[in-house]
Amino acid sequence: MTEIQQASTNPQSTSSGYEADERIAARHAVTLADEKWRSLCTQHASTFVAAERRHVSVQKALQELLIKIESETKPSVKRVGKALDPNYNSKSSSGDDVNNEGEYDDEEEEEDEPPIQPATALLADLAEKHRLRRRTLMQHSSLLELLELPSLMDACVRSSLYEDALSIAGFANTLERRHLLEQQQGSSSTEKKEDDGNKQQQQTSEPKGDVVAGVVQEIRRREADLRRMLIHRLRQDVTMPQCLEVVTALRRLNGVELERRNNSKSLISSSGAVANNTTTKDYDLESVHAAMEMRLQVDFLEARDAWLEGGVTTIGSAQAAAVVASSSTDNKGNSTSAQAEQILDGIERYRTRCFEIVTQFLAIFRGSFAQSTASSSSNNHDHSFSLLSMWTARRIQTFLTTLGSNMTTHVHDTATLRDALDAASFFASSMGRVGADFQPLLAPIFEPRLTEMVVGQWNDGLTGMVETLKACRDAGVASPLFGAETSNKDGESGSNADGIEMMMSSRTPAPPRKLLAMPPLARFLNAYLGGLNELRRCLLPSAFPAIRSAQAKLLADVKLALQQNERAALTPGLRGEASKLREIASKMKTEFDNCLEPYMTSCLNVALGSVDYAVEEAKKAAEKARVAAEKERAEREEKEKEKARIAAEQEILRKERIEKDMQEARERRRKELEEKAAAEKSAAAVSTDENEDILGDDDADMYGSDSD
């Protein structure tokens with residue numbers, strides 16, 4: 001920092017400033033590298049621990065190997081030394097103490113020690129062993145690859161290279177079949193010659209191939225790790241191709257296990273131990289394969305069930321939504337919408353995951369169903385489907401239990417109830433495509449909750465009315481209990497107008513306007529109608545009997561409350577407006593019996609439907625239709641009469657007009673004829689005067705032509 005300050009104060013030392021910046025950047029880079037190194041160490045701590053443990057185990061194995069080599073080679077070295085010593089036989093025959101010369105100090109002759117062989121035989125034996133070791137050294141790379149098979153398979157398992165890991169597991173079966181089974185057959189043949197009592201033969205019959213057996217055992221342990229990793233992958237969010245890949249790997253692993261059992265079976269059959277029926281039953285490969293397939297299905301459903309439980313702990317996490325919504329207490333609608341969204345989201349996720357699991361199970365194991373049916377082993381087919389059925393039934397029951405608890409605790413309006421019902425019904429219909437439709441099981445969850453919501457509003461209205469009556473009675477004030485009464489004419493006209501409009505729209509009876517004079521009853525009626533309006537959002541016909549019984553109980557409670565109010569108002573010593581309170585109490589009771597109770601019954605019949613009410617309404621509708629038809633017929637007849645009268649009048653006018661026209665035509669004709677006659681007369685007179693001046697011949701010719 002001092003260098004940077006100096007560089008900033010001295011404008012000529014810009015190069016030193018850059019160097020300081022580079023050093024700071026280098027420090028930061030070193031710090032970041034250190035943090036990255038520490039994070040990598042923390043991330044791969046398990047690998048380091050495993051490597052350290054493996055190093056310790058390798059050192060321990062090497063020490064044991066050295067001790068074993070020393071313990072096995074030391075007697076051979078002593079025997080070779082004895083055989084190569086030319087003075088050993090003479091010394092042993094003369095009985096001299098060899099220990100005095102300092103040779104073979106720790107050697108103690110045993111009675112059962114084999115005799116010393118000649119040096120040539122021992123050298124030939126050592127040469128043969130050396131040749132074998134040399135051949136082993138020549139195969140060092142192959143042996144090293146063989147010894148590295150467990151670690152290679154471990155690396156493949158950690159890197160999710162399932163194909164390579166399964167190939168190594170299959171190669172372990174090949175090793176077992178080539179080496180260990182031949183070794184066991186050879187050891188069984190040498191065990192028959194134990195009666196000779198020759199220790200050299202017993203030594204040759206010691207088990208060989210311990211290295212191969214150790215490699216095979218290590219690979220077997222890696223197979224268990226591979227199986228656990230594959231099942232753990234099924235506990236995660238995997239797609240259908242990935243799921244199919246994992247199940248295929250598990251089936252190949254089961255195939256490796258079957259191959260190992262087949263090798264063991266062949267060994268037992270070759271050793272002549274198949275005579276026992278229990279052994280034959282234990283090594284029935286078909287039953288073992290069926291059991292493995294069933295176990296694979298169980299593991300698949302358990303793993304996917306864990307994935308389902310991890311993703312959906314509670315339907316919609318309504319508790320978390322309630323906590324989040326309670327933080328914003330300024331808006332109550334936000335809390336309701338948040339809870340509804342959380343519940344709907346939970347139902348949708350539960351539906352998606354359940355349907356995905358069932359679809360994956362059917363798509364993967366349906367082939368095994370067909371094979372089992374073709375091979376006439378229908379038990380596996382039945383067990384597989386029963387397994388899926390049991391899992392599906394358990395998950396549906398868990399869903400319904402959780403849904404019921406969430407409905408009771410976090411759903412307080414019928415809109416949310418309706419949305420949840422739609423989501424659950426869609427879930428049930430989706431599961432119906434795989435034969436698990438549970439729509440009939442939804443009614444016992446939603447119907448009681450709907451009844452509770454409706455009856456809750458009714459009870460709130462009754463409680464408010466009772467508290468209002470008690471407060472006015474205790475205070476001796478009657479003004480809150482009555483209001484301005486409307487006139488009969490206005491009330492009837494308004495009631496008729498409203499009733500006609502509402503009957504034309506929804507057949508809902510018009511509310512009695514006279515209740516405006518009694519605000520407590522009017523508010524109670526508003527609460528009652530509000531409860532019925534909740535049914536418009538979520539109408540469940542199976543809840544109608546419970547709602548009707550709840551209304552009967554409500555009417556009884558209201559009557560009891562009004563009776564108690566009247567009895568309390570008639571009690572002597574009531575202060576304040578006692579006479580007005582008594583009058584209003586009696587009037588409220590009368591109005592409830594005569595007006596409010598019938599109106600509530602009719603409203604409930606309209607909302608829920610009733611046979612008697614429907615018949616009565618049908619009769620009213622038929623009567624109205626008959627009256628309307630008669631009125632229409634009378635109007636039509638009146639119109640026809642009016643039309644006929646108008647037509648008759650028009651006909652008379654037409655005839656009069658025709659007669660008038662004819663008369664005018666005759667008069668006109670008569671005038672024309674008169675004019676024509678007058679014209680002819682005048683023309684004849686003129687022609688007579690003219691003809692007198694014309695010649696007679698011309699007149700005769702003219703008249704002759706005229707006559708012609």
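Two residues are in contact when heavy atoms of one lie within 4.5 Å of heavy atoms of the other. This report uses that term to describe a predicted model of a protein.

## Overall composition

The protein has 708 residues, and 29% of them are buried. Its secondary structure consists of 24 helices and 0 strands. Among the contacts with a separation of 6 or more, 76% join residues that are 24 or more positions apart. The accessible surface is about 45,400 Å², and carbon and sulfur atoms account for 54% of that surface.

## Two pairs of packed helices

Two packed helices are described by the angle between their axes and the distance between the axes. The first pair consists of H7, residues 149-158, and H10, residues 210-234; their axes come within 9 Å and cross at roughly 5°. An angle under 35 degrees counts as roughly parallel, and H7 and H10 are therefore roughly parallel to each other. On the H7 side, the residues in contact are Leu-149, Pro-150, Met-153, Asp-154, Val-157 and Arg-158, and on the H10 side they include Val-215, Ile-219, Arg-222 and Leu-226. This contact contains 8 nonpolar and 6 charged residues, with no polar ones.

The second pair is formed by H18, residues 443-475, and H20, residues 519-537, whose axes are 9 Å apart at an angle of about 175°. An angle over 145 degrees counts as roughly antiparallel, which makes H18 roughly antiparallel to H20. The residues of H18 that meet H20 include Leu-450, Val-454, Trp-458 and Met-465, and their partners in H20 include Leu-521, Phe-524, Tyr-528 and Leu-535. By class, the contact of H18 with H20 has 12 nonpolar, 5 polar and 2 charged residues.

## Helix H10 and its surroundings

Helix H10 has 25 residues and spans 37 Å from its first C-alpha to its last, close to the 36 Å expected at 1.5 Å a residue. Its buried residues include Val-212, Val-215, Val-216, Ile-219, Arg-220 and Leu-226. An α-helix has 3.6 residues a turn, so residues three or four places apart point the same way.

Which residue of H10 has a relative accessible area of 15%? Arg-220, which is in helix H10, has this value; Arg-220 counts as buried because the cut-off is under 20%. Beyond its neighbours within four places in sequence, Arg-220 is in contact with Ala-169, Ala-172, Asn-173, Glu-176 and Arg-260.

One of these partners, Ala-172, lies in helix H8. Ala-172 is buried, with a relative accessible area of 0%. Apart from residues within four places in sequence, Ala-172 is in contact with Val-216, Ile-219 and Arg-220.

## Residues in loops

Ser-160 is located in the loop between H7 and helix H8, residues 162-191. Most residues other than glycine have a negative phi. Ser-160, although not a glycine, has a positive phi of about 60°. With 37% relative accessibility, Ser-160 counts as partly exposed.

Val-238 is found in the loop between H10 and helix H11, residues 240-270. Is Val-238 buried or exposed? At 3% relative accessibility, Val-238 counts as buried. Leaving out residues up to four places away in sequence, Val-238 touches Arg-233, Cys-243, Arg-304, Glu-356 and Gln-360.

## Residues distant in sequence

Trp-307 belongs to helix H13, residues 285-311, and is buried, with a relative accessible area of 7%. Not counting residues up to four places away in sequence, Trp-307 touches Leu-234, Arg-235, Gln-236, Asp-237, Arg-353, Glu-356 and Ile-357. Glu-356 is thus a partner of Trp-307 and is also touched by Val-238.

Ala-363 lies in helix H15, residues 332-374. At 48% relative accessibility, Ala-363 counts as partly exposed.

The table lists pairs of residues with their separation along the chain and in space.

| Residue pair | Separation in sequence | C-alpha to C-alpha distance |
|---|---|---|
| Ala-172 and Val-212 | 40 residues | 9.0 Å |
| Val-238 and Arg-304 | 66 residues | 9.6 Å |
| Trp-307 and Asp-237 | 70 residues | 7.1 Å |
| Ala-363 and Leu-244 | 119 residues | 8.9 Å |

Terms used
Residues are numbered from 1 along each chain as its sequence is written. This is a predicted model: local features need pLDDT of at least 70, side-chain atom pairs count only at pLDDT 80 or more; totals for chains, interfaces and linings use all residues. Side-chain values use heavy atoms; hydrogens and water are left out. Axes are lines fitted to C-alpha atoms, for helices over the stretch in contact, and angles run from 0 to 180 degrees between N-to-C directions. Helices (H or I, at least four residues) and strands (E, at least two) are DSSP runs, numbered from the N terminus. Angles under 35 degrees count as roughly parallel, over 145 as roughly antiparallel, 65 to 115 as roughly perpendicular and the rest as oblique. Ala, Val, Leu, Ile, Met, Phe, Trp, Tyr, Cys and Pro count as nonpolar, Asp, Glu, Lys and Arg as charged, and the others, Gly among them, as polar. Buried means under 20% relative accessible area, exposed over 50%, partly exposed in between (1.4 Å probe, protein chains only). Accessible areas come from the Shrake-Rupley method with a 1.4 Å probe; for residues, only the protein chains shown count as cover. The expected span of a helix is 1.5 Å times one less than its number of residues.
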